[in-house]
Amino acid sequence: MSHPPLGITARASVIRVIDGDTIEVAVHWPLVIRLKDCWAPEGRGPESPQGKKCKTHLENLLAPGDAIVFNIESKAADSLGDVLSFGRVIGQVWRPGEDSSVSDLMIDAGFASRTK
């Protein structure tokens, strides 16, 4: 028997969209996920107008109560800190039945980029 890939993959539901590249989900506890490979403008400061548009687009993709599947990859992690960004875990998120991740959907729609 082979071992499963290292990481956490689970079903969850959306609690809220925080900004254009961060959502809060419920597993058995609230968890804040920073979308992996997805950089969107911030909702405050000089990027505010575009950041608010990005958040609205993500809210259209993920509404409170929507089911998602997420993966927090840990194969290269030596500690929890290796999968954190400002207190958020870094992970990929998918809507059920879709092959493209939410990060890819945000980038393809022009609301985020792969790099900052």
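Visitor: Which element holds Cys 54 in this model?

Guide: The model is a predicted one. In it, Cys 54 sits in helix 1.

Visitor: What makes Cys 54 buried?

Guide: Its relative accessible area is 0%. Buried means under 20%. The value falls under that limit, so Cys 54 is called buried.

Visitor: What does Cys 54 touch beyond its sequence neighbours?

Guide: Setting aside residues within four places in sequence, Cys 54 contacts Gly 20, Ala 40, Pro 41, Met 106 and Phe 111.

Visitor: How far is Cys 54 from Asp 82, along the chain and in space?

Guide: They are 28 residues apart in sequence. Their C-alpha atoms are 26 Å apart.

Visitor: How many disulfides does the model have?

Guide: The count is zero.

Visitor: Why is Cys 38 not bonded to Cys 54?

Guide: The closest cysteine sulfur to that of Cys 38 is in Cys 54, 8.5 Å away. A disulfide needs the two sulfur atoms within 2.5 Å. The separation is therefore too far for a bond. Seen from the other side, Cys 54 is in no disulfide, and its nearest cysteine sulfur is that of Cys 38.

Visitor: Is Cys 38 buried or exposed?

Guide: Cys 38 is buried, because its relative accessibility is 0% and the limit is under 20%.

Visitor: How do you know that Lys 55 is partly exposed?

Guide: Lys 55 has a relative accessibility of 28%. Partly exposed lies between the 20% and 50% limits. The value falls there, so the label holds. Lys 55 is in helix 1. Leaving out neighbours within four places, it contacts Val 17, Ile 18, Asp 19 and Gly 20. Glu 98 is 43 residues away along the chain, with 21 Å between the C-alpha atoms.

Visitor: What does Leu 58 contact?

Guide: Outside its neighbours within four places in sequence, Leu 58 contacts Val 17, Asp 19, Gly 20, Asp 21, Thr 22, Ile 23, Leu 35, Val 102 and Met 106.

Visitor: Which members of the largest nonpolar core touch the most other members?

Guide: Ile 23, Leu 58 and Ile 68 do, in a core of 24 residues. Seven elements are listed as giving two or more residues to this core: strand 1, strand 2 (22-26), strand 3 (30-35), helix 1 (48-61), strand 4, strand 6 (88-94) and helix 2 (102-108). Nonpolar side chains tend to be buried together in soluble globular proteins.

Visitor: Why is Arg 34 called buried?

Guide: Its relative accessibility is 6%. The limit is under 20%. Arg 34 therefore counts as buried, charged side chain or not.

Visitor: What surrounds Arg 34, and where does it lie?

Guide: Arg 34 belongs to strand 3. Not counting residues up to four places away, Arg 34 touches Asp 21, Thr 22, Trp 39, Arg 88, Val 89, Ile 90 and Gly 91. Arg 114 lies 80 residues away along the chain, and the two C-alpha atoms are separated by 13 Å.

Visitor: What makes the phi of Asp 37 worth a look?

Guide: Phi is near 55°, a positive value in a residue other than glycine. Most residues other than glycine have a negative phi. Asp 37 is in the loop between strand 3 and helix 1.

Visitor: How do you know that Asp 37 is partly exposed?

Guide: Its relative accessible area is 38%. The limits are 20% and 50%. The value lies in between, so Asp 37 is partly exposed.

Visitor: Which residues lie nearest the centre of the largest pocket?

Guide: Asp 19, Asp 21, Ala 40, Glu 42 and Arg 88 do, among 18 lining residues. The pocket's volume is about 350 Å³. Its lining has five nonpolar, five polar and eight charged residues.

Visitor: What lines the second largest pocket?

Guide: Its lining has 13 residues, with Ile 8, Trp 29, Leu 31, Ile 72 and Val 89 nearest the centre. Strand 1 (7-19) and strand 4 (67-73) each give two or more residues to that lining. By class, the lining has ten nonpolar, two polar and one charged residues. The volume is about 160 Å³.

Visitor: Why is Ile 8 called partly exposed?

Guide: Ile 8 has a relative accessibility of 49%. Exposed means over 50%. The value does not pass that limit, so Ile 8 stays partly exposed. Ile 8 is in strand 1. Not counting residues up to four places away, it touches Phe 70, Asn 71 and Ile 72.

Key. Residues are numbered from 1 along each chain as its sequence is written. This is a predicted model: local features need pLDDT of at least 70, side-chain atom pairs count only at pLDDT 80 or more; totals for chains, interfaces and linings use all residues. Side-chain values use heavy atoms; hydrogens and water are left out. On a 1 Å grid over the protein atoms alone, a cavity is a set of points where a 1.4 Å probe fits but cannot get out, and a pocket is an open set with protein on both sides within 12 Å along at least five of seven lines; lining residues have an atom within 4 Å of a point. Grid points are joined across faces, edges and corners, and a volume is the space filled by probe spheres set on the points. Helices (H or I, at least four residues) and strands (E, at least two) are DSSP runs, numbered from the N terminus. A nonpolar core is a set of buried Ala, Val, Leu, Ile, Met, Phe, Trp, Tyr and Cys residues joined through side-chain atoms within 4.5 Å. Buried means under 20% relative accessible area, exposed over 50%, partly exposed in between (1.4 Å probe, protein chains only). Contact means heavy atoms within 4.5 Å.
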